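Work through the exercises below with the sequence and the model open side by side. Try each task before reading its solution.

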Amino acid sequence: DISGYTEYLTRSELDHAHEILQSLFDAQIAAVKHPFIISGFRGDAIFMYAPETNFVQAQSFIEALENFYIVFQDTLQQMQYNTTCTCRACKNMGMLDLKMCIHYGEYLLQKLADHEELLGADVIVPHRMLKNQVIEKTQVKSYALFSNTASQALSLSEYCSDLKPHSETYEHIGEVPMFVHDLRPIWEEKKAKHHIFVSA
């Protein structure tokens, strides 16, 4: 899900804003590989799932999520470097960020025309998780938010040392315990390892 999407659109010229958002979505879609399957799009979000029959090691799964963030930031940074436009859409693109919500549970596949939709109570949970107070309560702006169920299925604490506990309560669902994985340090570490030298 792209954070800041609504505010960005309302403060920007639509034509350039559309091009920028399209570039970010295209880069993310190109990065989607096994074990992920795209189920659909929800406005400013891509909805994906990974069947257990597709599943890889938990560490590889987490690294794939982190790579989505790196791809997002790489694309955003390149657009910022390469534009000379002074319109609001181009000046404000730095306000965009990425968040991910991960849940583990049961689902059914329903075929609608040539498209498959996921059905089930557990399918609702990650959509609800997008509405949260993570930034207000943890000051983490770029994150992967794991439900406790997903955290246990992945043995998350073995691979992520920076986890922050969090919880939200949703109507018809109740309290959902979660863990916040800060993605910004992953990007900062990647940048620190890649230096570009320009000769005199």
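Helices (H or I, at least four residues) and strands (E, at least two) are DSSP runs, numbered from the N terminus. The model is predicted, so local features need pLDDT of at least 70 and side-chain atom pairs count only at pLDDT 80 or more, while totals for chains, interfaces and linings use all residues. Residues are numbered from 1 along each chain as its sequence is written, and side-chain values use heavy atoms, with hydrogens and water left out.

**Exercise 1. A histidine in a strand**

Task: Find the element that holds His166, and decide whether His166 is buried or exposed.

Solution. Step 1: His166 belongs to strand E8. Step 2: apply the cut-offs, where buried means under 20% relative accessible area, exposed over 50%, and partly exposed in between (1.4 Å probe, protein chains only). His166 has 8% relative accessibility and therefore counts as buried. Step 3: for a distance across the model, take Leu108, which is 58 residues from His166 along the chain; their C-alpha atoms are separated by 28 Å.

**Exercise 2. The sheet**

Task: Give the strand order of the open sheet and state which strands stand at its edges.

Solution. Step 1: two strands pair if DSSP finds at least two bridges between them. Step 2: the five strands then run in the order E1-E4-E7-E9-E8, with mixed pairing. Step 3: E1 and E8 (164-170) each have a single partner strand, so one side of each has no neighbour in the sheet. Step 4: inspect one pair, E7 (residues 143-147) with E9 (residues 174-182), which is antiparallel over five bridges. Within E9, Val180 is the residue opposite Leu145.

**Exercise 3. The two pockets**

Task: Describe the largest pocket and the second largest pocket by volume and lining.

Solution. Step 1: fix the terms. On a 1 Å grid over the protein atoms alone, a pocket is an open set of points with protein on both sides within 12 Å along at least five of seven lines, whereas a cavity is a set where a 1.4 Å probe fits but cannot get out; lining residues have an atom within 4 Å of a point. Grid points are joined across faces, edges and corners, and a volume is the space filled by probe spheres set on the points.

Step 2: the largest pocket has a volume of about 1,000 Å³. Its lining has 41 residues, and those closest to its centre are Met48, Tyr49, Cys101, Ile102 and His103. E4 gives the largest share of this lining, five residues.

Step 3: sort the lining by class. Ala, Val, Leu, Ile, Met, Phe, Trp, Tyr, Cys and Pro count as nonpolar, Asp, Glu, Lys and Arg as charged, and the others, Gly among them, as polar. For the largest pocket this gives 30 nonpolar, four polar and seven charged residues.

Step 4: repeat for the second largest pocket, with a volume of about 420 Å³. It is lined by 21 residues, of which Asp1, Ile2, Ser3, Asp44 and Lys99 are closest to the centre. The classes here are seven nonpolar, five polar and nine charged, and H1 supplies the largest share, three residues.

**Exercise 4. Cysteines**

Task: How many disulfides does the structure hold?

Solution. Step 1: a disulfide is a pair of cysteine sulfur atoms within 2.5 Å. Step 2: for Cys90, the closest cysteine sulfur is in Cys87, 3.6 Å away and too far for a bond. Step 3: for Cys160, the closest is in Cys101, 15 Å away and again too far. Step 4: the count is zero. Cys90, at 12% relative accessibility, is buried, and Cys160, at 5%, is buried too.

**Exercise 5. Backbone exceptions**

Task: Locate the cis peptide bond at Pro35, and place Gln139 and Ser155 in their loops.

Solution. Step 1: recall that most residues other than glycine have a negative phi, and most peptide bonds are trans. Step 2: the cis bond joins His34 and Pro35, with omega about 15°; Pro35 lies in the loop between H2 and E2 (37-41). Step 3: Gln139 has a positive phi of about 65°, sits in the loop between H6 and E7, and is exposed at 59% relative accessibility. Step 4: Ser155 has a positive phi of about 50°, sits in the loop between H7 and E8, and is partly exposed at 33%.
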